[in-house]
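Subject: The two-domain model, and what turned up in it

Hi there,

Here is the structure I said I would pass on. Have a look at it first, and then read on for my notes.

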Amino acid sequence: MNTVANVVVSEAVNQFLARDLGLFIDGSAQPAHSPRRLDVFNPATGEVLTTVPDADAQDVDRAVSSARQAFDLRVWSGLRPADRERILLRLADVIERHAEELAQLETLNQGKSINIARAIEVGASIEYVRYMAGWTTKITGETLDVSIPFPPGARYSAFTRKEPVGVVAGIVPWNFPLMIAIWKLIPALAAGCTIVIKPSPETPLTALRLAELAIEAGVPTGVFNVVTGARECGAALAAHPGISKISFTGSTPTGKLVGAAAVQNMTRFSLELGGKNPAIMLADVDVDQAVQGALAGGFLNQGQVCAAVSRIYVHRSKYRQIADGLADIANAMTLGPGLDPSAQINPLVSSHHRARVEQHIAQAKHAGLRFLAGGTPVEGAGYYVRPTVIGDVPHDAAIIRDEVFGPVLALVPFDDPAEALRLANDSPYGLAASLWTNDLRATMNLVRDIDAGTVWVNSHVPLDPGMPFGGMKQSGMGREFGKHAIDAFTETKSVCIAH
Ligand code: NAD
């Protein structure tokens, strides 16, 4: 293994891990009512890093009450928009000052490469905070020239106000724990809401630290609370009548439970769910660019990315070159802990999730599919799965249908782009897709016809805070990022004045 020295864990991280961690309610860490604790693991070693409370319904109620009181007293929404913006910009500065600490904490807990933690989990999140902070001062309604005809001679003027929706529940998965918490927190705060964040039980640490940094930046107490816990905690939050809006990111089955719970209280909800994202490579594809793009888009964070490419449809004229290119690189990739900056593949998040991914791989083997790379288990400590490439996969194979959420690429040759489009769209999911071609006419037709909330051309997976992101079909409801994120956390009130 071509290993450079591992990153030395900072004193700030060690101090955080040595603490007796509680819930974050009303501006400070607090012991939970629930006596249960959750072990938090280091996926690179399988060792327990620390424990956090497994909050119960009473704990959730306390966090929601704190956020509700802060909302009703208008301690946040009552500030001038420019003052809220300034505090959020200050939060970006505070996160930046603690960037290395947060990146190391995430790598230790989630398993991802320190390079990705620094550049994306923390670096891209800081840009996102600054982008979203700007919306605070740009939330506007409309003026309406209405034509109401009665009583005769009356005149009316109407306008709309965009008002904060209220108390938000942000339910977060384990793949990008800090970044996805920030995707919910900052637009909710920009809109004037208060929030309770529930991180995943696997990866609760950076959300707890973020809440402390928010206080340091000047976010008033009660505005941002964090409850750690598993299913009971999530279900109690989703069903709580004090929540006005649920912003959920996670799997499609859990998203359906959340939606069903929300409807009981008419709680607004938006869902960012799973994907089974296709790439379509046409006959004129640039082979090197496509191979590099598919590897980056498929193996980023070990494929634990909702928008990761997982089905690759390649024109038969380029199929062999692309299959060989992917297999050669995947077979040569180095495995190692996220704290080793030279390791190209890092552990999956948990032993449970690794078992799930291995089950998908075993099923593909059992079906007699052709493995071009990977497919053999990794011995020793840590939750590793080899980067896996499977060739000539038939459309009825489970590996084409099911979300694996691991480092597994399935390749399918095609002869006719219309056939590739039909196969790509024949999925319950519709989160993201990519096209690999410089044929403009083909591109524009496919962009229109493909069922996906985001379509990249000659790349796969880059996001921007201003570019709407979300899923079609069973990949979700609603859009995050840009103005859509603000809309998701506001209600529209019409005001009609007779004069
Ligand atoms: P998950 O659905 O198991 O859990 C997500 C969150 O929901 C966790 O915090 C969990 O504790 C909580 N939860 C569990 N049961 C709940 C309930 N009954 N009510 C309320 N909350 C509950 O998902 P995961 O395994 O943490 O994450 C992986 C999944 O997330 C994948 O399917 C992936 O595609 C998806 N994801 C989607 C996006 C996107 O933006 N579309 C982004 C990242 C991940």
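To start with a question: how exposed is Arg316, going by its relative accessible area? Arg316 has a relative accessible area of 45%, so it counts as partly exposed. Please keep in mind that this is a predicted model.

Arg316 is also a good way into the salt bridges. Its partner is Asp415, and the closest N and O atoms of the two are 2.9 Å apart. Arg316 sits in helix H11 (residues 316-332), whereas Asp415 belongs to the loop between strand E16 (408-414) and helix H14 (417-425), so this salt bridge ties together parts that are 99 residues apart in sequence. Asp415 is partly exposed too, at 46% relative accessibility.

Helix H11 holds another pair, Arg320 and Asp324, which are four residues apart, about one turn of the helix. They form a salt bridge with 3.8 Å between the closest N and O atoms. Arg320 is partly exposed at 41% relative accessible area, and Asp324 is partly exposed at 37%.

Asp54 and Arg36 form a further salt bridge, with the closest N and O atoms 3.1 Å apart. Here the link runs from the loop between strand E4 (47-53) and helix H2 (57-72), where Asp54 lies, to the loop between strand E2 (28-30) and strand E3 (37-42), where Arg36 lies. With a relative accessible area of 10%, Asp54 is buried, whereas Arg36 is partly exposed at 34%. Arg19, Glu101, Arg209 and Glu212 are joined in a network of salt bridges. The total for the structure is 28 salt bridges.

Now to the domains. The protein splits into domain 1 (7-273 + 476-496) and domain 2 (277-464), and their centres, taken over C-alpha atoms, are 31 Å apart. In the interface, 27 residues of domain 1 are in contact with 27 residues of domain 2. About 2,100 Å² is buried between the two domains, and carbon and sulfur atoms give 64% of that area. On the domain 1 side, Pro43, Ala44 and Trp174 lose the most area to domain 2, together 24% of what that side buries.

What about charged and polar pairs across this interface? There are zero salt bridges between domain 1 and domain 2, but seven residue pairs are in polar contact. On the side of domain 1 that touches domain 2, helix H4 (99-110) and helix H5 (114-135) are the elements that give two or more residues. The largest share, four residues, comes from H5.

The interior is worth a look as well. The largest nonpolar core has 80 residues, and Ile95, Ile186, Leu205, Phe224 and Ala307 have the most contacts inside it. Helix H6 (residues 177-190) gives the most to this core, eleven residues, and each of the two domains supplies at least three. Beyond its neighbours within four places in sequence, Ile95 is in contact with residues including Leu102, Val122 and Ile182. A second, separate core has 30 residues, among them Ala44, Val285, Ile322 and Trp436.

One last residue to click on is Val305, in the loop between helix H10 (287-299) and strand E13 (309-315). Val305 is buried, at 9% relative accessibility. Setting aside neighbours within four places in sequence, Val305 is in contact with Asn175, Phe176, Leu300, Phe405 and Val461.

Happy browsing, and all the best!

How values were computed: Residues numbered from 1 in each chain as written. Predicted model: local features only at pLDDT ≥ 70, side-chain atom pairs only at ≥ 80, totals over all residues. Heavy atoms only, no water. Core = buried A, V, L, I, M, F, W, Y, C linked by side-chain atoms within 4.5 Å. Buried < 20%, exposed > 50% of the residue type's maximum accessible area, 1.4 Å probe, protein only. Domains from an automatic or database assignment. Contact = heavy atoms within 4.5 Å. Buried area = accessible area lost by both parts, 1.4 Å probe. Salt bridge = Lys/Arg side-chain N within 4 Å of Asp/Glu carboxyl O. Polar contact = N/O pair within 3.5 Å; in protein donor to acceptor, adjacent residues only side chain to side chain.
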